Number of protein chains: 2
Amino acid sequence: MKLMRVTDPEVVISLIAEQFKPLENEKLTLENAGGHCLFETITAPEDIPGFDRSTVDGYAVYARDTFGSGEGIPAILELIGEVMMGEAAPPIENGQCCLVHTGGMLPEGADAVVMIEDTDQTGTMVQAYRQVAPGENVIRRGEDLKKNDIALLKGHRLRAPEIGMLASLGITTVGVFRQPVVGFFSSGDELVSYNKARLKPGQIRDSNAPALRYLAEQNGATVKYGGILPDRFETFLEKSRALLEETDLLVFSGGSSVGSRDFTARTMQALGEPGLLVEGISIQPGKPTLLANCAGKPVLGLPGHPVSALNIFSIFGKAIIDRLAGRKEKFFHPTVRAVLSRNISSHSGRTEYVRIRLKESEDGLSAVPVFGRSGMLRTLAEADGLLVVPSAKEGLNAGEAVDIFIWE
Amino acid sequence: MKLMRVTDPEVVISLIAEQFKPLENEKLTLENAGGHCLFETITAPEDIPGFDRSTVDGYAVYARDTFGSGEGIPAILELIGEVMMGEAAPPIENGQCCLVHTGGMLPEGADAVVMIEDTDQTGTMVQAYRQVAPGENVIRRGEDLKKNDIALLKGHRLRAPEIGMLASLGITTVGVFRQPVVGFFSSGDELVSYNKARLKPGQIRDSNAPALRYLAEQNGATVKYGGILPDRFETFLEKSRALLEETDLLVFSGGSSVGSRDFTARTMQALGEPGLLVEGISIQPGKPTLLANCAGKPVLGLPGHPVSALNIFSIFGKAIIDRLAGRKEKFFHPTVRAVLSRNISSHSGRTEYVRIRLKESEDGLSAVPVFGRSGMLRTLAEADGLLVVPSAKEGLNAGEAVDIFIWE
């Protein structure tokens, strides 16, 4: 049999960054831009906030009018009115003050606010029992962003705070990297659509198609499903060429027979230069994975076993989607720390992904391995996440602290 | 001034579970069910897999025919054909074998598969150089799920593995807890829509509406935005009543003026029994938060400052959405471990959320606090996540290992 050239997972991740470029610019309204990465650097078109604002309910004053005041020796100020929310404030003079609410505009002249708790009001006379420094209880015009400041750099991913910041600047459409359209094919003569009610002997339902669709959509991609490919090479290639034309990433899944595996590789070679890059990854589960660059577009061939297919797509499919969508490679990944409940043996020389169920115990969280073959989705449904055993290790011991990647 | 009854964050989370019930059942196609929680317990309508399958490429055999064979003493078997993928296999007799591919059906009689690497074939004669035990290289009918086995329990959240499992069973629609529709209002006379290009003095754009929309949608909710409420109580109440009618959770945001805060509380009391539950949470930022139960529906009043509003919604808004969607409260939360770069002081007696930027250094990850007032979205956009300083602590020291919750 042909020996596979097996590539390290880290090398595959680097290859993805080297070989594929982020997609082009797309203009989106702010309401639809969440999760996308900026294609442009945003500079502030105006100061934020646009005026000095009070951060408390109180009286806007000249700070120096309060100097020296305290519990027994209040400063006496003349109340000249109230700042109405959303309106310009009337100016004040030395010795005067103006009622202002949280978020309200400071009157011209005022440079601080005395909190209402520190005052007494009688008619138009306000007694301030605490001195304030200039700027106290005030957010200055431009303190958040000054006009022409860089607000967000190209490549910054739009989360809720960034959307809020753009909204505060009055920016309603933004240029972002387009998120990819992923084309999926299933292959293998044993496969039938998952909505087929009754199976003939030897048939199984294509469970990968809807599961992978969800993973792709979770990562911001749009999915076009091309159906189940027949084990006939001409049709296989022709349909693949057509779907690749309409998509940014093509994924083959489900075929574990020699025929479909072979067709996938041949198709990858025929779809465009340079073709096949990776034939096998030193990872468990998921070794028989194919990756190609077909005229600049990524094409991924997943192993047929469902658990392997989901594992590989959640690592490398996600990395490709992230790259195409302009997302920076993260140097941190959230995990849950737990104590391994039993010894795990593993082969050194390959990275192993062990399914883990988390259990609450008196001593904290316990990480319980869920064993089972890679064809068994039940084992993955029982698992909360995965433990990565690096290729240099030959196993892990019960009682070790481990970090679990959670399946959301 | 009126003193707030300030509630502990943990108490608020428990209140949410006590006071609100998950929403009703909704039937969804599998393609749209991802992220939802099952309203029904799913039992397997058939065995998965439906037949004994080979897990390798090889020859299906009677295991006992190979007993005693080895490197120099092959078992000699008669090849009677090939199992075609997706078709029933022809039965074999003692002394016979049949070529089978990964995932192919085992012939009647066969109970194991010899891997092709361990054989030589000459015409219809196969020499097997390795003995196999019964069941070796075979996944048995029903090994993943037996007919009538419980596949997934009511309440189980549908992730990719669960969707794959349901698809493998031929289940194309499922009953799930409906995910909530969230109604949002902004309030405060200083606010104008974020698509207003030019502001008058004293006005600011409503940046919370689109930011909160994104947070709600990220958590699986649908959003109805009711606009900016005027500081007039009758209209405030009337519009709130109408939007609450069409939604499962009502959220007030943006008003930091005394008027709008007061109207929010009065409206909560008027919308239905029991009304206001929480007036202030011992959390920083975000203390002036209101929570009500209005005739069974949750109503949340967020603080006006953008950072506070996002912080509160990402904790308590999310908890309410999770509860309504039937999600179980998780006992684990993924975080990133890092080393605190400098001392942080905090007030004991309240839980503090400190914005953190993560930095790569030679010694691992460093957690750098991003300081700034709660009105400043820039500080949140610069942060990768949040560090929680528990209320019992008075601060944390530089060099301590801390767990950071990442903003996605």
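I take helices (H or I, at least four residues) and strands (E, at least two) as DSSP runs, numbered from the N terminus. The model is predicted: local features need pLDDT of at least 70, side-chain atom pairs count only at pLDDT 80 or more, and totals for chains, interfaces and linings use all residues. Residues are numbered from 1 along each chain as its sequence is written, and chains are lettered from A and ligands numbered from 1 in the order in which they are written.

**Entry 1: cis peptide bonds**

I looked up Pro49(A) and found it in the loop between β2 (42–43) and β3 (53–54) of chain A. The bond that leads into Pro49(A) from Ile48(A) is cis, with omega near -10 degrees. In chain B, I found Pro49(B) in the loop between β2 (42–43) and β3 (53–54) of that chain. Ile48(B) and Pro49(B) are joined by a cis peptide bond, with omega about -10 degrees.

**Entry 2: positive phi**

I noted Asn148(A), a residue other than glycine, with a positive phi near 75 degrees. Asn148(A) sits in the loop between β10 (138–139) and β11 (150–152) of chain A. For burial I count other C-beta atoms, placed from the backbone, within 10 Å of a residue's own: 20 or more is buried, 12 or fewer exposed, and in between partly exposed. Asn148(A) has 11 such atoms within 10 Å, so I list Asn148(A) as exposed.

Ala295(A) is not a glycine either, and its phi is positive at about 55 degrees. I place Ala295(A) in the loop between β20 (290–294) and β21 (297–301) of chain A. With 11 other C-beta atoms within 10 Å, Ala295(A) is exposed.

**Entry 3: Ile283(A)**

Ile283(A) belongs to strand β19 (residues 283–284) of chain A. I list Ile283(A) as buried because 24 other C-beta atoms lie within 10 Å. I call two residues in contact if their C-beta atoms, placed from the backbone, lie within 7 Å. Leaving aside neighbours within four places in sequence, Ile283(A) is in contact with Pro9(A), Arg350(A) and Thr351(A). Thr351(A) is 68 residues from Ile283(A) along the chain, and their C-alpha atoms are separated by 4.7 Å.

**Entry 4: the two copies**

I superposed the copies by least squares on the C-alpha atoms of residues with pLDDT of at least 70 in both. Chain A falls on chain B after a rotation of 180 degrees with 0.0 Å of shift along the axis, at an RMSD of 0.1 Å. The two copies are therefore related as by a two-fold rotation axis. The same surface serves both, as 100% of the contact residues of chain A recur in chain B.

**Entry 5: the interface**

I found 78 residues from chain A and 79 residues from chain B in the contact. On the side of chain A that touches chain B, α2(A) gives the most, with eight residues. I class Ala, Val, Leu, Ile, Met, Phe, Trp, Tyr, Cys and Pro as nonpolar, Asp, Glu, Lys and Arg as charged, and the others, Gly among them, as polar. That side of chain A divides into 40 nonpolar, 22 polar and 16 charged residues.

**Entry 6: α3(A) against α2(B)**

I fitted axes as lines to C-alpha atoms, for helices over the stretch in contact, with angles from 0 to 180 degrees between N-to-C directions. Helix α3 (residues 208–218) of chain A packs on helix α2 (residues 160–168) of chain B at about 160 degrees, with axes 7 Å apart. That makes α3(A) roughly antiparallel to α2(B) (angles over 145 degrees count as such, under 35 as roughly parallel, 65 to 115 as roughly perpendicular and the rest as oblique). The residues of this contact comprise eight nonpolar, two polar and no charged.
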